[in-house]
Amino acid sequence: MTHSSLTRRPLITPKGVERPASSLKTDDFTALCELVRSLCGVDLLQYKRNQMERRVRTWTERRGTPDLAEYGKRLRKDSEELDAFLDRVTINVSHLWRHEDQFEVLRRQLLPALADRRRLKIWSAGCSYGAEAYTIAAVCREAVPNVGVEIVGTDLDKRMVARAREGAFTAEDARTSPKALLNKHFETRPDGGWQAKPELKRMVRFETGDLLRMAVPTARYDVVFCRNTVIYFTEEVRDALHERLVKALSPGGYLVVGTSERVSDPKALGLTSPYHFIYQKS
């Protein structure tokens, strides 16, 4: 989910009036969330409740099964419906060179500062379908071509991980990419999209994992990207995830967060912030 980014829409009653959050039921919603987690590992209770519940109820009403217990039975029987439901509530928003200014800081500042390390390990946490990881790979080839780089992408959604391993992107995914770099590191596809070149694919690997429950290695990564993943998480979940990500950073390593996100107490985690939305582990 980039792990997954969520967009918000108000829940509208049949008369066109927005339903107050206080009127929403909770027990059936919790039960549905627990069922979804048992079916596919996606824990919707990690997200801000009112927002997620509105999204879920909007969807089930539109699908003609507003009763959440009945909709849960539908999800058990219909894998295609489960996929459609996940696409609705965990929209993966990403593209190549998204927020290009952060990749410029990576190229001009972070990678040169880390270039004396024997090998660089970079984690794209909440990698979605791989646009971020492949962009990182292209930037590394430009900035530190003589340094070995290993990039790991992790996402909870196994469908996104399978797509990431293909390294294929649409023309829309490349809409803001620097043309020269796009042409250098990607090949055009017959459908007008772009395919990561073999040298990029050799730099990256992708795995399925829940960032809040998977085993996190200590001090393994030189750079951790976790962007547009925690914006809709509860504060407790957000802070717990940031703590785990910092644990995974080597001393002097960098944590890159989304431009609408922040680490709530950097000092307590041993972080400074030398660049906007980028933290360094002391």
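Here are legends for four close-up views of this predicted model. Residues are numbered from 1 along each chain as its sequence is written, and side-chain values use heavy atoms, with hydrogens and water left out. Local features need pLDDT of at least 70 and side-chain atom pairs count only at pLDDT 80 or more, while totals for chains, interfaces and linings use all residues.

**View 1. Helix α3 and its two sides.** Helices here are DSSP runs of H or I with at least four residues, strands are runs of E with at least two, and both are numbered from the N terminus. In α3 (residues 68-77), L68, Y71, G72 and L75 are buried, meaning under 20% relative accessible area (over 50% is exposed, in between is partly exposed; 1.4 Å probe, protein chains only). These buried residues sit on the same side of α3 because they cover an arc of only 105° around the axis, going by the directions from the helix axis to the C-beta atoms. Turn to the other side of α3 and you meet R76 and K77, which are exposed. The buried residues pack against α1 (27-40), α2 (49-62) and α4 (79-89), with contact meaning heavy atoms within 4.5 Å. Where α3 starts, D67 brings a side-chain oxygen to within 3.0 Å of the backbone nitrogen of A69.

**View 2. The largest pocket.** A pocket is an open set of points on a 1 Å grid over the protein atoms alone, with protein on both sides within 12 Å along at least five of seven lines; lining residues have an atom within 4 Å of a point. This one has a volume of about 180 Å³, which is the space filled by probe spheres set on the points, joined across faces, edges and corners. Its lining includes L39, L82, K158 and T208. Helix α4 gives the most, with 3 residues, and α1, α4 and α7 (158-166) each supply at least two.

**View 3. P274 in strand β9.** P274 is part of β9 (residues 271-275) and counts as partly exposed because its relative accessibility is 38%. Leaving out residues up to four places away in sequence, P274 touches Y254, Y279 and Q280. P274 and Y254 are 20 residues apart in sequence, and their C-alpha atoms are 9.6 Å apart.

**View 4. W97 and H99 in a loop.** Most residues other than glycine have a negative phi. In the loop between α4 and α5 (100-114), though, W97 has a positive phi near 55°. H99, in the loop between α4 and α5, has a positive phi of about 55°. W97 is buried, at 3% relative accessibility, whereas H99 is partly exposed, at 26%.

Terms used: Polar contact = N/O pair within 3.5 Å; in protein donor to acceptor, adjacent residues only side chain to side chain. 1 Å grid on protein atoms, 1.4 Å probe; cavity = no way out; pocket = protein on both sides within 12 Å on 5 of 7 lines; lining within 4 Å.
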